[in-house]
Amino acid sequence: SGEGEYEKGTTAVVTASANSNYIFGGWTDTGALVCTGSVYSFQVDKNTTLMANFFLKTSDCGKLISKYKNNTALQSAMGNIRSKVANNARLEYTYTASDSGTLEFFQGTDTYTHYDYSNFSSYDFIIHNHPSGIPILSGSDLYGLYLSIVNNKGHIGTRMIVQTDNGTMSAEIEDVSVFLKFCDEHFAGDNNIETYDSDFKKEIMEQATATQSKTIEYINKAINYFQQNGLKVAFCFGDSASQDWAYAKYTNNIMSFYDCLTNI
């Protein structure tokens, strides 16, 4: 509601209401996300066409938005990490969060620390930053997700979220048996993490650049690799709202992004 004509300089208020089987994802203006809340107010200074984006709760985007949008612990963790990085970008920081709102902090450490979350309570998310670059899961990240399963703290659907100044990647365990087999082969004793990282960079990230088009190319390659090994991956450019997510789809040997709110 709220559509119609407004005088220039006045405030327009629009409200989105989802049916029972749908969830509201956000308001977009010519493809750009402007508000993730159901109520959006703005000053009218030009003709504006807004789109209210709704998703079936059972769809990929619906599930993603359901898990992310209303989880205050998760949103706090992502915001806290950005604040900590602003104060000291050299360190990596980690939180775990649950769907119920439980939040735990793992002290920031130097890079390339191998994380073991077995002392934490059960959780649905592991939120973690990389100091810079493209937000793609490292060997340490995969090993941490692996430990969450073997120590019975994580589960199918547990997500590892990696943030950098360029974006955010979320990896969800989709096929436990495939993922555990992959980890057993690569991380039998965590001394092999460095070997994995070296091989991954040579095969996947050899020519990665800072440009967005090249970033997508290498994210495509990484996501394809992760999907083959039991993970389901979503990606978001930027780290502000962390709501404008794109799922990677691999169909007929072609990798493409299905963006929940805008076009990549």
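**Why we call it that: helices, burial and a pocket**

Tutor: Let's start with two helices: the crossing of α3 and α4 is left-handed. Keep in mind that this is a predicted model.

Student: Okay, and why are α3 and α4 called oblique to each other?

Tutor: Look at the angle. Helix α3 (residues 139–150) and helix α4 (residues 176–186) pack at about 120 degrees, and their axes are 10 Å apart. Roughly perpendicular covers 65 to 115 degrees, and roughly antiparallel needs over 145. An angle of about 120 degrees fits neither of those classes, so α3 and α4 count as oblique.

Student: On to α1. What makes helix α1 "mostly covered"?

Tutor: A residue is buried if its relative accessible area is under 20%. In α1, residues 60–69, that applies to 8 of the 10 residues. Among them are Asp60, Cys61, Gly62 and Leu64, and Lys67, Tyr68 and Lys69 are on the list too.

Student: How do you know that Ile65 is buried?

Tutor: Ile65, which sits in helix α1, has a relative accessible area of 2%. The cut-off is under 20%, so Ile65 counts as buried. Its C-alpha is 6.5 Å from that of Gly25, though the two residues are 40 apart along the chain.

Student: And what makes Ile173 buried?

Tutor: Ile173 belongs to strand β10, residues 167–173. Its relative accessibility is 0%, so by the under 20% rule Ile173 is buried. Ile173 and Val233 lie 60 residues apart in sequence, with 8.9 Å between their C-alpha atoms.

Student: Why is Phe226 put in the buried class?

Tutor: Again the number decides. Phe226, in helix α6 (residues 212–228), has a relative accessible area of 1%. Since buried means under 20%, Phe226 goes in that class. From the C-alpha of Phe226 to that of Glu172 is 9.9 Å, with their positions 54 residues apart along the chain.

Student: So why is Thr48 called partly exposed?

Tutor: Thr48 has 31% relative accessibility. Buried stops under 20% and exposed starts over 50%, so a value of 31% makes Thr48 partly exposed. You'll find Thr48 in the loop between β4 (39–43) and β5 (50–56). Thr30 is 18 residues away along the chain, and the C-alpha atoms of Thr48 and Thr30 are separated by 8.6 Å.

Student: Which residues are closest to the centre of the second largest pocket?

Tutor: That pocket has a volume of about 370 Å³. Of its 19 lining residues, the closest to the centre are Glu3, Gly4, Tyr6, Phe42 and Thr48. Strand β1 (residues 11–15) gives the largest share of the lining, 3 residues.

Student: How do the residues of that lining divide into nonpolar, polar and charged?

Tutor: There are 7 nonpolar, 7 polar and 5 charged. Tyr and Phe count as nonpolar, Glu as charged, and Gly as polar, so among the residues closest to the centre, Tyr6 and Phe42 are nonpolar, Glu3 is charged and Gly4 is polar.

Key: Residues numbered from 1 in each chain as written. Predicted model: local features only at pLDDT ≥ 70, side-chain atom pairs only at ≥ 80, totals over all residues. Heavy atoms only, no water. Buried < 20%, exposed > 50% of the residue type's maximum accessible area, 1.4 Å probe, protein only. Helix = DSSP H or I, 4+ residues; strand = E, 2+ residues; numbered from the N terminus. 1 Å grid on protein atoms, 1.4 Å probe; cavity = no way out; pocket = protein on both sides within 12 Å on 5 of 7 lines; lining within 4 Å. Points joined across faces, edges and corners; volume = space filled by probe spheres on them. Axes fitted to C-alpha atoms, helices over the stretch in contact; angles between N-to-C directions. Parallel < 35°, antiparallel > 145°, perpendicular 65-115°, else oblique. Left-handed = near helix turned anticlockwise from the far one by under 90°.
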